[in-house]
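Visitor: I have a structure open here and would like to go through it with you. Could you take my questions one by one?

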Amino acid sequence: MTSAKVKLVLQPLFLKDADELSEWALPLNLEGTKKERVDFLRKMEERLGREKVLLCKKGRQKRALLMIEPALFGRCGLRARLWPDKTGAFAAGEIEEVIEAIFEREKEAFDLQLCLSQEAVADLSEKQKESARTIIYAENSRGQPQQALCLHVFRAETAKEAGLLVKLPFASALLFANQKGNAISSLQFLMDKAKPGSRREENLLLMLGQLDEQGDYHAEWEIKDPRPERVPEILHRAAGEIEEYVRGERRLFDLPLEIETGSVFQRKIWKTLADIPYGVTLSYEDLAAQALGSRKKGRAYARATGAACAANPIALFIPCHRVIGSSGHLVGFSGGVDVKSALLNLELFNFRKAKE
């Protein structure tokens, strides 16, 4: 009969546990008096909170001391420092267990920077070693710098997010596929130096290395995708059709779309939006009249129609940029009026060029 595998757990460390610290190879002078260790723990509790100063344990065996703190974004990014006991050794797969335990504990986090001792490198996979970088994170009691490996890890389900970033001359497009990966479920435009509009967009942009420490998008930065092989073919196909559209080589998109949200009214508006021809514009009132089959209702629901256009989950493919104000001015576009203007100018230029 095989014995059950002992699970690694994370347990808060209390002030009364200060004696435990003498068992770890910490980069600080904590092998002195108990008072020094208590002071260290008290400072950590004041800065991070008790629930962020933890012991990694497997059964009765203490394996490491772990400290967790926010990194980049308080709600979704973490930096964790892992100090092993004096043996400095981790069993095979133990680092992965620590990572899994951190994500299990920190439900909101998806991006983890795990700093660990050089001794732990033998337990890392080749892929993990590629993402690790050496950093200086403290000085010991003699004033000598202490080195650590900083391992960058994403929550597994986030890394599988079916999303793609397409950079265009006038903006960037964030594309997402449905759960089956066989249809487009979202397309939103993003301007340079802007913040992403949703948690899902933020997750993807951070994973691709496109956000700074303030959470702003940088269009000029190189895309670093850690999971290109997981991006569904439908997204690559959509990106190709968008690039053809921008070059003036495509007027109609040939892609399966799946809208996952929306009220009955919104869906009526989006369905009518999809039928607006290339290079043609409608007012919100005209769009409402067509969708509801009544000019009177069109006037009454013009404002609600504008809100429905703003909530359009699949911009461009469902062309809400072709709807303008009754005065002829460009108003109300989730990606920004500048993007709306660029899209309409592109279509009008190619439309006129084809007539010449």
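Visitor: In which loop does histidine 321 lie?
Guide: Happy to help, and please keep in mind that this is a predicted model. Strand E12 covers 323-324, and histidine 321 sits in the loop between H10 and that strand, E12.

Visitor: Is histidine 321 buried or exposed?
Guide: Its contacts, leaving aside neighbours within four places in sequence, include Tyr245, Phe333, Lys340 and Glu347. The relative accessible area of histidine 321 is 0%. Buried means under 20%, so histidine 321 is buried.

Visitor: Which side chain is joined to that of histidine 321 by a polar contact?
Guide: The contact in question spans 3.5 Å. The partner of histidine 321 is arginine 322.

Visitor: How are H8 and H10 oriented to each other?
Guide: Helix H8 (residues 284-292) and helix H10 (residues 302-310) pack with axes 8 Å apart, at an angle of about 90°. Angles of 65 to 115 degrees count as roughly perpendicular, so H8 is, relative to H10, roughly perpendicular.

Visitor: Which helix gives the most to the largest nonpolar core?
Guide: That core has 41 residues, and Phe317 is one of those with the most contacts inside it. Phenylalanine 317 touches Leu175, Ala238 and Ile242, among others, not counting residues up to four places away in sequence. Elements that each supply at least two residues of the core include H8, H10 and helix H6 (233-246). With six residues, the helix that gives the most is H6.

Technical notes. Residues numbered from 1 in each chain as written. Predicted model: local features only at pLDDT ≥ 70, side-chain atom pairs only at ≥ 80, totals over all residues. Heavy atoms only, no water. Axes fitted to C-alpha atoms, helices over the stretch in contact; angles between N-to-C directions. Helix = DSSP H or I, 4+ residues; strand = E, 2+ residues; numbered from the N terminus. Parallel < 35°, antiparallel > 145°, perpendicular 65-115°, else oblique. Buried < 20%, exposed > 50% of the residue type's maximum accessible area, 1.4 Å probe, protein only. Polar contact = N/O pair within 3.5 Å; in protein donor to acceptor, adjacent residues only side chain to side chain. Contact = heavy atoms within 4.5 Å. Core = buried A, V, L, I, M, F, W, Y, C linked by side-chain atoms within 4.5 Å.
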